[in-house]
Amino acid sequence: MAETPLTPALPSDMPVVPLRGAVVLPMTVAPLGVSRAVSVEAVNRALAGDRLVLLLLQRNESDDPSLDDLHRTGTVAVIRQMAKAQNGMRVLVEGLVRAHAVSLREEGRALVASLEPLPEPAEQTIETEARVRRLQELVDRALSLATGLSPDLKALVATLDDPLRLAYLLASLLDMPPGDKQKLLEENSLTVKLDGVATALTREIEVLELKGQIQSKAEKEMTDAQREYMLRQQLKAIQSELGEGEGEAQELRKRVSDATLPEAVQAAAMREVDRLERMTPASPEYQMIRTYLDWVLDMPWNRTTEDRLDPVEARRVLDEDHYDLDKVKERIVEYLAVQKLRQGQEPAAGEGAARMKGPILCFVGPPGVGKTSLGQSIARAMNRKFVRISLGGIRDEAEIRGHRRTYIGSMPGRLAQGLRTAGSSNPVLMLDEIDKISVGIQGDPAAALLEVLDPAQNHGFRDHYLEIPLDLSRVLFIATANQLGTIHPALLDRMELISLSGYTEEEKVHIAKIYLVPRQRDEHGLRMGQLEITDAGLRRVISEYTREAGVRTLERQIGTISRKVAARVASDPSHSAIVDAGDVDTYLGAARFRGESAFRTSRPGVATGVAWTEVGGDVLFIEAALMPGGGGNVTLTGQLGNVMQESARAALSHIRQHAGLLGIPPEFLTKQDLHIHVPAGAIPKDGPSAGVTMATAIVSAARGVPVEADVAMTGEITLSGLVLPVGGIREKALAARRQGIRTFVLPEMNRSDLAELPEEVRADMTFVPVSTLEEVLRVALPAITHA
């Protein structure tokens, strides 16, 4: 680099350097980067001559400006230094005077301007002096606020006696927009120039003051953070000496960071970790937060098991675990088949993730038919985890939704606990005994289950303890119940009902041979050849030692036989037993149930009816007796409900109305009293289905003719003698068959229910659909001759 001589007189023509976003003012020095061809050519021409260039501001940021893109007022500058750079050159220029470009032209790659000097006379007036002093005061104030400015600037400003030079110097140092600097250069009045610089300097001072306030606040916050850090370090040292919770919060923070949690869950967990760090381990709330974080981290937010979507294999597993129950098995296989077909397909518009939601099933049936074990089998067939939640007797809503964390000892609800136990977010979750939920002062648990069992809502179930939405949409819910009458109607509407009726004797024999006997043999340590029970032996156990719709009592009786055999094998390892029908009483004692239908109906006034109960079907012997010397009074005993009493009165009214057709004297009640009794008086009874049975018993007593011993009946009776449909035909038919009944009378409108009966039941019994009481009597009392 070389030094330039003193500035020569201005020539008439001068090369032009266009500037983008920068203005070089007279009497100031500025570095410039020169890279464009037009600027490089102008610098080269200047260096080859007098080193003078005209610096003009562009009106835009164009790389190749036209002549109209340049302001015409600029600064004549001398190039003091030049250095080659990677993308052109770096030059140090010193502004000399203002000049006006009268005209611009292109010469090769350079721009050349014809100049006209714009002299600026120095104005030394009182107004100028006042403005200069104001600028000096502003500079002092700015220097007190800005730490990056040189202290020599104050002395330099004080020594400048040229107001114009002061204005240009301060303008070059301030962060003024290029447009404002251009206006300052073009302005001819010195006082206006000084006012413009003062305005810009005042704005800069305001910015510096605001910056100082922000910096002071930040330093204070940083000081507080440093103080908190030091206190935490001291607290950690104290806890380390006391052996209390060293690094526990950091370990929890690391566990939360490493866990693959949803964003909302991780944010909530981090907030609790922050709270934990500010607490002492001796605080009761410390342990509450610690327990809460353990629950959050243990929940299976994103963990699932892969479903087995092979319907054939699933059906094989279901058949392996349970006999019959085809309706349930088909429903599960259908669900898996749909999942398999939809796997890998793109969701249709509006479906989203809802398409993979599981069904909500409800198994309804008497005890012992395999509802709970069927749920376990479904989980095994689908390759899912199984969790059973017993709802029997719960009366607090918090059992479902969880307790709020404000209480000592609070914990999540049973659903959240079940998911944690399963370790996956898509288990088979069985809600056992849903019909036995109670209502207490703490709320209705059934109402809380409405959201859980609604596929449109359960994707965002919120437990009161966790207070984070739980996605239950991938859970396969299976509820079990013995009856539907006690279930909330809205809850019942959300479930797909599947009825599991009782088993026939043949089905029980089959179940016992395939499942119960081998299981009890294994549980009692017996080998294959050490205990065998013949079909005849099983039939006697079923008919004389059990009276149930399911097989639970049957399994207990088989267990009793197994224990007695195991006791003998323990004494004599060579002992083995083949239990036949004649050997059963040796192991189980005297028979508990014997056929009594023929004996009880051998006298007039006794008819055999059937009833539906929570444990399946049952046989009722309804007795009617006429007592002379009365006045037509009617007595009903046996803990009969209102509906059953009304059925008895309706039957009696119909008989009295048609007494002549039935061969009964019309005045048969004028001098006699009627007593209707249903045995097992300790058990409450109600319902309309015993209407035809009571009518038959009354006719039998009035005519003195016994009812056929092998006939049982069910149906509601009207005053006109019509027989109306009733429910529970399958359970009632199975109960009648267990009792030895061979003819079953049922309403004509229940004929379609016969299709649900097993084939062996339909083949073994005679079913007579009837529409009127007269048709019932033709079957039950064939000895009566009707008029």
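A residue counts as buried when its relative accessible area is under 20%. By this criterion, both Tyr292 and Tyr465 are buried in the predicted model described here.

The structure holds two aromatic pairs. Tyr292 and Tyr465 form one of them. Their ring centres lie 5.8 Å apart, and 55 degrees separate the planes. The arrangement is tilted. This pair links distant parts of the chain. Tyr292 belongs to helix 9, which covers residues 284-298. Tyr465 lies in the loop between strand 10 (461-462) and strand 11 (469-470). The two tyrosines are 173 residues apart.

Phe744 and Phe767 form an aromatic pair as well. Here the geometry is edge-to-face, with 65 degrees between the planes and 5.8 Å from centre to centre. Distant parts of the chain are again linked. Phe744 is in strand 23 (residues 743-747), and Phe767 is in strand 24 (residues 766-770). The separation is 23 residues. Phe744 has a relative accessible area of 0% and is therefore buried. Phe767 has a relative accessibility of 16%, so Phe767 also counts as buried.

Two arginines place their charged ends over aromatic rings. The charged end of Arg405 sits over the ring of Tyr292, at 3.8 Å from the ring centre. Tyr292 thus takes part in an aromatic pair and also lies beneath a charge. For Arg420, the ring is that of Trp295. The charged end of Arg420 sits over this ring, 3.9 Å from its centre.

An open sheet is built from five strands. Their order is 8-9-12-7-13, and the pairing is parallel. Strand 8 (386-390) and strand 13 (496-499) stand at the edges. Each has a single partner strand, so one side of each is left without a neighbour in the sheet. From one strand to the next, the twist averages 20 degrees.

Within this sheet, strand 9 (residues 428-432) and strand 12 (residues 476-481) run parallel. Four bridges join them. Val428 stands opposite Leu476 of strand 12. Helix 14 (residues 414-422) packs on the sheet. This helix touches strand 8, strand 9 and strand 12. The direction of helix 14 makes about 155 degrees with that of strand 8.

Definitions and conventions
Residues numbered from 1 in each chain as written. Predicted model: local features only at pLDDT ≥ 70, side-chain atom pairs only at ≥ 80, totals over all residues. Heavy atoms only, no water. Pairing = 2+ DSSP bridges. Axes fitted to C-alpha atoms, helices over the stretch in contact; angles between N-to-C directions. Contact = heavy atoms within 4.5 Å. Phe/Tyr/Trp six-rings, centres within 6.5 Å; stacked < 30°, edge-to-face > 60°. Buried < 20%, exposed > 50% of the residue type's maximum accessible area, 1.4 Å probe, protein only. Lys NZ or Arg CZ within 6 Å of the ring centre and 35° of its normal.
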